[in-house]
Amino acid sequence: MQERPAGRRTPEAVPEVDPLPPPDSPELEQLGLGSAQRAIYKLLYENRDRPLTMLEIRERLEGQLGPQEQLDRRRRDLNPHFMIERVRSGGETRYRLVGRK
């Protein structure tokens, strides 16, 4: 049997990652997410490579959702279902959708 160098993985050893559902997936509605949560999910999904601040999320969704006093709460409603990374960047907190829970 041939030994592998320590710390190296074979492709079989890499765990499969459950891909995120696309924003238009019926799965989001089945999770009980309302229109505001699905709109936030879509925005985070489309900006996975560029985390957004809550101000940016609010500004981008205001035309679609109107003024939202509870937008922070609607974003937190995604937490039981998805991993949303908080990234500190120069005094701001940015949010990045990274995976399922």
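Hi everyone, let's start with burial: of the 101 residues in this chain, 30% are buried. Please keep in mind that this is a predicted model. The exposed surface of the chain comes to about 7,200 Å², with carbon and sulfur atoms supplying 45% of it.

Now the fold. You'll find four helices and three strands here, and along the sequence they come in the pattern α-α-β-α-α-β-β. For those of you who like contact maps, take the contacts between residues at least 6 apart in sequence: 47% of them join residues at least 24 apart.

On to the sheet. In what order do the three strands sit? The order is β1-β3-β2, in an open sheet with antiparallel pairing. Strands β1, residues 52–53, and β2, residues 82–89, are at the edges with a single partner strand each, so each has one side without a neighbour in the sheet. Strand β3 covers residues 92–100, and its antiparallel pairing with β1 runs over two bridges. If you want a residue to click on, threonine 53 has arginine 94 in β3 as its bridge partner. Lying across β1, β2 and β3 is helix α2, residues 35–46, which runs at about 90° to β3.

Let's stay with helix α2 for a moment, since leucine 43 lies in it. Is leucine 43 buried or exposed? Its relative accessibility is 10%, under the 20% cut-off, so leucine 43 counts as buried. Setting aside neighbours within four places in sequence, leucine 43 is in contact with Leu52, Ile57, Arg60 and Leu61. With leucine 61, the C-alpha to C-alpha distance is 8.4 Å, across 18 residues of sequence.

Next, the charges. As a reminder, side chains of opposite charge can pair when their charged atoms come close. How many salt bridges does a search of the whole structure find? The search finds seven, and I'll walk you through three of them.

First up, arginine 50 and glutamate 56, whose side chains meet at 2.9 Å, N to O. Arginine 50 is partly exposed at 37% relative accessibility, while glutamate 56 is buried, with a relative accessible area of 15%.

Then there is glutamate 92 with arginine 94, where the closest N and O atoms are 3.2 Å apart. Glutamate 92 is partly exposed at 37%, and arginine 94 counts as buried at 16%. These two pairs belong together: salt bridges that share partners join Arg50, Glu56, Glu92 and Arg94 into one network. And yes, that is the arginine 94 that we met as the bridge partner of threonine 53.

The last pair for today is arginine 58 and aspartate 72, with their closest N and O atoms 3.8 Å apart. This pair links distant parts of the chain, with arginine 58 in helix α3, residues 54–65, and aspartate 72 in helix α4, 14 residues apart. Arginine 58 has a relative accessible area of 29% and is partly exposed; aspartate 72, at 32%, also counts as partly exposed.

I'll finish in helix α4, residues 71–76, which holds arginine 75. Which side chain of opposite charge is nearest to arginine 75? That is aspartate 72, at 5.7 Å, and arginine 75 is buried yet has no salt bridge. A salt bridge needs the nitrogen within 4 Å of a carboxyl oxygen, so 5.7 Å does not qualify. Leaving out neighbours within four places in sequence, arginine 75 is in contact with Ile40, Met54, Ile84 and Tyr95.

Thanks for listening, everyone!

How values were computed:
Residues are numbered from 1 along each chain as its sequence is written. This is a predicted model: local features need pLDDT of at least 70, side-chain atom pairs count only at pLDDT 80 or more; totals for chains, interfaces and linings use all residues. Side-chain values use heavy atoms; hydrogens and water are left out. Buried means under 20% relative accessible area, exposed over 50%, partly exposed in between (1.4 Å probe, protein chains only). Contact means heavy atoms within 4.5 Å. Accessible areas come from the Shrake-Rupley method with a 1.4 Å probe; for residues, only the protein chains shown count as cover. Two strands pair if DSSP finds at least two bridges between them. Axes are lines fitted to C-alpha atoms, for helices over the stretch in contact, and angles run from 0 to 180 degrees between N-to-C directions. Lys and Arg count as positive and Asp and Glu as negative; His and the chain ends are not counted.
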